[in-house]
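Student: I am new to this structure and would like a close look at a single part of it. Could you choose a buried charged residue, take me through its surroundings, and then set it beside some other places in the chain?

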Amino acid sequence: MKNYKAMESALIHGGIFGDPLTGAVNVPIYQTSTYRQEGIGLDVKWEYSRTGNPTRAALEALIAELEGGTAGFAFASGMAAITAVLSLFRAGDRILISSNVYGGTYRVLDKVFRQFDIRYGIVDTTDLSALESAIAPDVKAILVESPANPLMTVTDLAAVSALAKGYGILSIVDNTFMTPYLQQPLKLGADIVIHSATKYLGGHSDLVAGLVLVNSDALAKQLAFLQNATGGVLAPFDAFLLMRGIKTLSVRMDRHVENAQKAAEWLKGTPAVKLVYYPGLPDDPGYEINRKQARNGGAMISFELDERHDFRKFFTSLKLITLAESLGGVESLVCHPATMTHAAIPREIRVKVGITDNLIRLSIGIENIHDLLADLEQAILESEE
């Protein structure tokens, strides 16, 4: 029986807690590929670790509880999780996606699933009337990120979920940037939630993992089949590391967000910065909706340097903040979306939605904020032409 109510407690005690056999407070790493069976044809819980593993099952129970889902599924990467979700659809189906999403999501739709005649349409999901106008008989799902990668665009998740339900289609939310600690899309009406658990859930840049949560037994049955049939499952050791990371999610996210708010405000007041994209700023277009559906603005910031500054020099001048792919680790990371995370998206589409060459994406870590601001300041000064 659960004797807690707060998310901070659920992060530590949720799902399957400890090991009843030994009393260990951590779920053991069941590093096995197969399991002894007592006889032929007997109904057994564990038979083969692609189908099920106790360590992975403990993680899946934990994330299902945190997101308020019917079931959870752990995959070997965020892209493996997205691929499993997209495998729910069939030839002739169309999926509407936000106008700025992770480049890997676009790539797998454009280069892989399109070969199987699963199509996509790009829509500004912040505009509900435009989104509804794009819904045709072949549209079977709406896939959104909020805040979106990399422009931090905020979509009204409850409104989009309600719209999808009205048309009998699925609503899918990539909740990587916010985590269940800051935002719970299933409770806002979404059908499926996806996480690249590599990011904030793991939190230490030492594992690659993906998670999927669903809101119904029917979807759970379909995802369980796909997880087993396609086999992109998370290894037991990585499941153990991910559960360990989740235990400190609340304290890490609180520090991440505190630093991000201060960094966004500092960038906003810096003359060299043309635009700051951060939904925690009161003048951000998505501020009010984000405040309604999330605890705060999260810890991801994008900003655009003005033409007097060379973004290449900015990156090479950083001394503390690391130029790297990914996000959500305890260390601050910076990337250039146009050539890194979103390089798979054609230039004309990138420019149209605002992913310019001068756009910089910043994942704020938990370092001392004064050290982070000093590093940003000196790199901006060095980048002046």
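Tutor: What follows is a walk around one acidic residue and the loop after its strand, and then a visit to some other charged, buried and surface residues.

Please keep in mind throughout that this is a predicted model. The residue to begin with is Glu 145, which is found in strand β4, a strand made of residues 139-145. Glu 145 is buried and yet has no salt bridge, for the nearest side chain of opposite charge, that of Arg 361, is 7.8 Å away. A salt bridge here asks for a side-chain nitrogen of Lys or Arg within 4 Å of a carboxyl oxygen of Asp or Glu. What, then, does the side chain of Glu 145 reach? One partner is the backbone nitrogen of Asn 149, reached at 2.9 Å, and another is the backbone nitrogen of Tyr 102, which lies 2.8 Å from a polar atom of the Glu 145 side chain. If residues up to four places away in sequence are not counted, Glu 145 touches Ser 98, Asn 100, Val 101, Tyr 102 and Thr 105, and also Thr 153, Thr 155 and Asp 174.

The chain beyond this residue deserves a slow reading. Ser 146 and Pro 147 are joined by a cis peptide bond, with omega at about -5°, and Pro 147 has its place in the loop between β4 and α6, the latter being residues 157-166. Asn 149, whose backbone nitrogen is reached by the side chain of Glu 145, is itself joined to Pro 150 by a cis peptide bond, with omega at about 15°. Pro 150 is likewise placed in the loop between β4 and α6. Met 152 also has its place in that loop, and it shows a positive phi of about 55° although it is not a glycine. With a relative accessible area of 2%, Met 152 is buried, because buried means under 20%.

A positive phi outside glycine is also found at Thr 179, where the angle is about 65°. Thr 179 lies in helix α7, which covers residues 179-182, and at 1% relative accessibility Thr 179 counts as buried.

Another acidic residue to set beside Glu 145 is Glu 67, which lies in helix α2. Glu 67 is buried and has no salt bridge, and its nearest side chain of opposite charge is Lys 187, 7.8 Å away. Leaving aside neighbours within four places in sequence, the contacts of Glu 67 include Asn 175, Pro 180, Gln 183, Lys 187, His 195 and Leu 213.

It helps to turn next to charged residues that do have partners. Side chains of opposite charge can pair when their charged atoms come close. The count of salt bridges in this model comes to 18. In one of them Arg 56 pairs with Glu 60, the closest N and O atoms being 3.4 Å apart; both residues lie in helix α2, 4 residues apart, about one turn of the helix, and both are buried. Lys 262 forms a salt bridge with Glu 258, again with the closest N and O atoms 3.4 Å apart. These two are 4 residues apart in helix α10, residues 249-268, so about one helical turn separates them. Lys 262 counts as partly exposed at 39% relative accessibility, and Glu 258 counts as partly exposed at 41%. Glu 304 pairs with Lys 274, with 3.6 Å between the closest N and O atoms. That pair links distant parts of the chain, as Glu 304 is in strand β9 and Lys 274 is in strand β8, 30 residues apart. Glu 304 is buried, with a relative accessible area of 9%, whereas Lys 274 counts as partly exposed at 41%.

The walk can end on the surface, where Ile 12, Phe 17 and Val 25 form a nonpolar patch with about 260 Å² of accessible area together. Ile 12 has its place in helix α1 and is partly exposed, with a relative accessible area of 37%. Apart from neighbours within four places in sequence, Ile 12 is in contact with Phe 17 and Lys 247. Val 25 is found in the loop between α1 and α2, and at 53% relative accessibility Val 25 counts as exposed.

Definitions and conventions. Residues are numbered from 1 along each chain as its sequence is written. This is a predicted model: local features need pLDDT of at least 70, side-chain atom pairs count only at pLDDT 80 or more; totals for chains, interfaces and linings use all residues. Side-chain values use heavy atoms; hydrogens and water are left out. Patches are made of residues with over 30% relative accessible area and no salt bridge: like charges are joined within 9 Å, nonpolar side chains (Val, Leu, Ile, Met, Phe, Trp, Tyr) within 5 Å. Accessible areas come from the Shrake-Rupley method with a 1.4 Å probe; for residues, only the protein chains shown count as cover. Buried means under 20% relative accessible area, exposed over 50%, partly exposed in between (1.4 Å probe, protein chains only). Lys and Arg count as positive and Asp and Glu as negative; His and the chain ends are not counted. A polar contact is a pair of N or O atoms within 3.5 Å; within protein, one must be able to donate a hydrogen and the other to accept it, and residues adjacent in sequence count only if both atoms are side-chain atoms. Contact means heavy atoms within 4.5 Å.
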